[in-house]
Structures are given as structure tokens and as C-alpha cells.
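Me: Please take a close look at one part of this structure with me. I would like to follow the helix packing, and then what surrounds it.

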Amino acid sequence: MNLVDLHIHTTFSDGALTPEQVVKEAKTAGLEAIAITDHDALEGVISALQIAKNEKIELIPGVELSTLVGEKDIHIIGYYLDLENKNLLQALKKFRDAREKRAAEMVKRLENIGIKISFERILEVANGGALGRPHLAEVLVERGYANSSDEAFRHYLYRGSPIYVSKYHLRPDEAFSLILNAGGIPVFAHPGIEGKDNIIPLFIKQGLKGIEVWHSKHSLQTIQHYLALAQQYGLLITGGSDSHGGKNGNPAPLGAVSVPYYVVEEMKKTVDTQICKL
Ligand code: AMP
Ligand code: ZN
Ligand code: FE
Ligand code: FE
């Protein structure tokens with residue numbers, strides 16, 4: 001069976017692999033198609049276009065957006081986006097700028113409790129990618145304030161810690177509109193992690209088109225549950241490893257979950273692939 005991985009992070013957000021390395025690994029893993037889905041950034045997709053073509057791997061443009069529902073951080077992925085859509089590009093720039101301010105504020109809070117790490121070093125580590133807590137964690141480890149990224153999260157960066165500053169969050173309906181207006185397909189990412197199934201009917205009214213059924217943190221039972229739910233609501237189904245290149249809270253390697261190629265075919269039937277210039 002032809003397999004795909006539709007949820008992959010690169011160095012353009014908090015993944016460990018460059019877009020080129022992602023394509024090479026996908027080739028080695030024998031995948032037919034992949035989607036690069038960085039947090040708040042399309043640069044990973046853009047950088048991988050040529051090499052994916054050379055390696056004959058179907059590359060689907062994606063992005064992972066963070067929205068807030070009550071207290072919950074709900075992730076929405078957009079697929080088949082127009083990579084030149086001005087509104088989307090502007091919005092992503094705004095989210096990344098907010099991530100920088102947020103990281104600077106967390107650095108200040110760390111300094112207040114006697115932990116000195118340099119904001120410039122964090123920027124260096126992120127290397128132009130969308131800044132996140134994993135980059136702070138890396139510098140905390142580098143400077144000896146934690147033994148591992150996981151420990152840095154447990155001691156300082158966990159949600160609710162005095163150091164923690166919230167990200168800029170969209171409302172879910174804003175995320176759906178941004179994605180739809182860029183010709184894309186909005187998908188509820190890893191719904192099994194947050195457990196907010198009761199919100200799905202409202203999401204559908206607001207523009208949701210799909211649900212991530214397969215995910216490295218979904219059990220077999222969870223997968224079956226969301227397959228049934230997708231069928232009930234007539235939603236597209238997707239899936240992926242959410243690989244961060246072997247780090248950042250998700251050790252899943254690329255291709256860690258087996259997602260059949262037909263989900264890509266079903267998605268393609270609903271979009272104008274000319275829009276994303278594929
Ligand atoms: P942020 O988007 O800046 O709030 O950071 C969230 C990211 O941190 C997630 O996408 C994970 O990649 C990573 N993460 C979450 N929990 C941990 C953890 N315990 N250890 C390492 N990385 C984590
Ligand atoms: Zn991440
Ligand atoms: Fe996510
Ligand atoms: Fe992700």
C-alpha cells in the first residue's frame with residue numbers, strides 16, 4: 001500500500017530536520033507523499049518544492065495554526081494553500097512576530113528568577129524559524145540550567161509556570177477563514193490529545209473540512225473513534241506522524257504512522273491544485 005505522512009515539522013519551526021533532510025528521509029521511508037506543516041510558517045514548504053520534485057515525492061503545502069477554545073490550545077492545519085496568498089503570509093508574519101515578543105518576555109521572567117540566557121542565542125538556535133518554547137529549552141540545556149529539553153519544560157516552560165507566556169492565539173473561525181481564503185482545507189489536528197469532540201459540529205459550521213485521524217499520539221482505539229466520527233459528519237480524513245525530527249516532546253520519526261495514499265486523493269478532489277501552483 002502506498003503511504004503518506006501529512007504532519008511534519010522542519011527547522012522553519014521547531015523541527016530538527018531541514019526541509020531537504022525531510023524529503024530525503026521521506027524517500028528513504030518509501031513514502032509516496034508528504035505535507036510539511038510547520039507552526040506559523042510556509043518557508044519549509046517553499047524550500048522543499050524543488051528537492052521534492054527531484055526526488056519524485058508529492059509535496060503538499062501545509063501550516064499548523066494555534067487557536068484557543070476556552071483554555072485549550074487547539075491546533076488547526078491548513079492543506080493545499082496558495083503559497084502566495086497575501087492575507088495568509090501577513091498573518092503568519094504577525095504570529096511569528098508575536099512569538100518573538102513572547103520569547104523575549106519569557107527570557108525576562110527567567111532573568112527575574114536568576115536564570116540568564118541570551119535572547120540573541122535563542123534567535124540563533126531558531127535560525128529564522130518560528131520561535132517556540134523548544135528553542136528556549138535548547139538554550140536552557142546548553143547553558144546548564146536543565147539536563148534535557150523535557151526537564152526544561154518540566155521545571156520552567158510548562159503551561160501555567162510563572163515563566164510561561166501564552167502565544168498569540170487565533171479564534172478557530174479566524175483560522176478556518178484564513179485557510180479557506182487561501183484555497184486550503186482546514187483540518188482539526190490531533191483531536192485525541194485535547195478531547196474537545198463536542199466542538200466539532202460548531203467547527204463544521206465555521207468551515208472545518210477535515211479531521212486528523214492518524215497521529216503518533218492516537219491509540220488504535222482513538223483512530224477508530226475519529227474514523228467513525230469523520231464518516232458521521234462527512235469530513236475528510238488525514239493523518240501524520242507530527243515528527244519534529246526526533247525531538248521537542250514528540251520523538252516520532254517521519255512515517256511513524258501508516259496513512260494510506262487515498263486520503264490525499266480525496267483531498268485533491270476538493271481543491272484547485274492550480275491555486276497552490278503544484
Ligand atoms: P510553543 O508552540 O512555543 O508553545 O511550544 C510548543 C511545542 O513545544 C510543541 O509543539 C512541542 O514541539 C514542544 N513541547 C511540548 N512539550 C514538550 C516537552 N515536555 N519537552 C520538549 N518539548 C515539548
Ligand atoms: Zn511543534
Ligand atoms: Fe500540534
Ligand atoms: Fe505539529
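Reply: Start with a definition. A crossing of two helices is right-handed if the near helix is turned clockwise from the far one by less than a right angle, and left-handed if it is turned anticlockwise. Keep in mind that this is a predicted model.

Two packed helices are described by the angle between their axes and the distance between those axes. Take helix α3 (residues 86-112) and helix α4 (residues 119-126). Their axes lie 10 Å apart, and the angle is about 135°. An angle between 115 and 145 degrees is neither roughly perpendicular nor roughly antiparallel. α3 and α4 are therefore oblique to each other. Their crossing is right-handed.

Now look at the residues between them. From α3 come Glu100, Ala103, Ala104 and Val107. From α4 come Phe119, Ile122 and Leu123. Sorted by class, this contact of α3 with α4 has 6 nonpolar residues, 1 charged residue and no polar ones. An α-helix has 3.6 residues a turn, so residues three or four places apart point the same way.

Next, follow α4 to helix α5 (residues 133-142). These two axes come within 9 Å and cross at roughly 115°. α4 passes α5 in a right-handed crossing. On the α4 side, the contact uses Arg121, Ile122, Val125 and Ala126. On the α5 side, it uses His135, Leu136, Glu138, Val139 and Glu142. By class, the contact of α4 with α5 has 5 nonpolar, 1 polar and 3 charged residues. Ile122 meets α3 residues, and Ile122 also takes part in the contact with α5.

How enclosed is α5? Buried means under 20% relative accessible area. By that test 7 of the 10 residues of α5 are buried, so α5 is largely enclosed by the rest of the structure. Those buried residues are Arg133, Pro134, His135, Leu136, Ala137, Val139 and Leu140. What covers them includes α3, α4 and α6 (149-157).

The chain on either side of α5 has some special backbone angles. Most residues other than glycine have a negative phi. Asn127, in the loop between α4 and α5, has a positive phi of about 50° although it is not a glycine. Asn127 is exposed, with a relative accessible area of 65%. Just after α5, Gly144 takes a positive phi of about 80°. Elsewhere, Lys56 sits in the loop between α2 (43-55) and β3. Phi of Lys56 is positive too, near 60°, and Lys56 is not a glycine. Lys56 counts as exposed, at 70% relative accessibility.

Go back to α3 for one more residue. Arg99 is found in this helix. At 6% relative accessibility, Arg99 counts as buried. Beyond its neighbours up to four places away in sequence, Arg99 touches His39, Asp40, Ala130, Leu131, Gly132 and Lys167.

His39 leads to a metal site. The zinc ion (ligand 2) has protein donors from Asp14 (OD, listed twice), His39 (NE2) and His244 (NE2), lying 2.0 to 2.6 Å from the ion. Along the chain these donors follow the spacing D-x24-H-x204-H. Asp14 and His244 are 230 residues apart, so the pair links distant parts of the chain. Asp14 lies in the loop between β1 (3-8) and α1 (19-28), and His244 in the loop between β7 (236-240) and β8 (259-260). Both Asp14 and His244 are buried.

Ser13 is found in the loop between β1 and α1. At 1% relative accessibility, Ser13 counts as buried. Leaving aside neighbours within four places in sequence, Ser13 is in contact with Asp38, His39, Gly129, Ala130 and His135. Here His135 ties back to α5, where it is one of the buried residues.

Two iron ions complete this view. The zinc ion (ligand 2) and the iron ion (ligand 4) are 4.8 Å apart. Glu64 bridges the iron ion (ligand 3) and the iron ion (ligand 4), which lie 3.5 Å apart. Glu64 lies in strand β3 (residues 58-69) and His190 in the loop between β5 (185-188) and α8 (191-194), so the pair ties together parts that are 126 residues apart in sequence. For the iron ion (ligand 3), the protein donors are Glu64 (OE), His75 (ND1) and His190 (NE2), lying 2.0 to 2.2 Å from the ion. Glu64 is buried, with a relative accessible area of 1%. His190 counts as buried too, at 6% relative accessibility.

Notes
Residues are numbered from 1 along each chain as its sequence is written. Chains are lettered from A and ligands numbered from 1 in the order in which they are written. This is a predicted model: local features need pLDDT of at least 70, side-chain atom pairs count only at pLDDT 80 or more; totals for chains, interfaces and linings use all residues. Side-chain values use heavy atoms; hydrogens and water are left out. Helices (H or I, at least four residues) and strands (E, at least two) are DSSP runs, numbered from the N terminus. Buried means under 20% relative accessible area, exposed over 50%, partly exposed in between (1.4 Å probe, protein chains only). Contact means heavy atoms within 4.5 Å. Donors are N, O and S atoms within 2.8 Å of the metal (3.2 Å for Na, K and Ca); water is not among the atoms, so sites may look incomplete. Axes are lines fitted to C-alpha atoms, for helices over the stretch in contact, and angles run from 0 to 180 degrees between N-to-C directions. Angles under 35 degrees count as roughly parallel, over 145 as roughly antiparallel, 65 to 115 as roughly perpendicular and the rest as oblique. Ala, Val, Leu, Ile, Met, Phe, Trp, Tyr, Cys and Pro count as nonpolar, Asp, Glu, Lys and Arg as charged, and the others, Gly among them, as polar.
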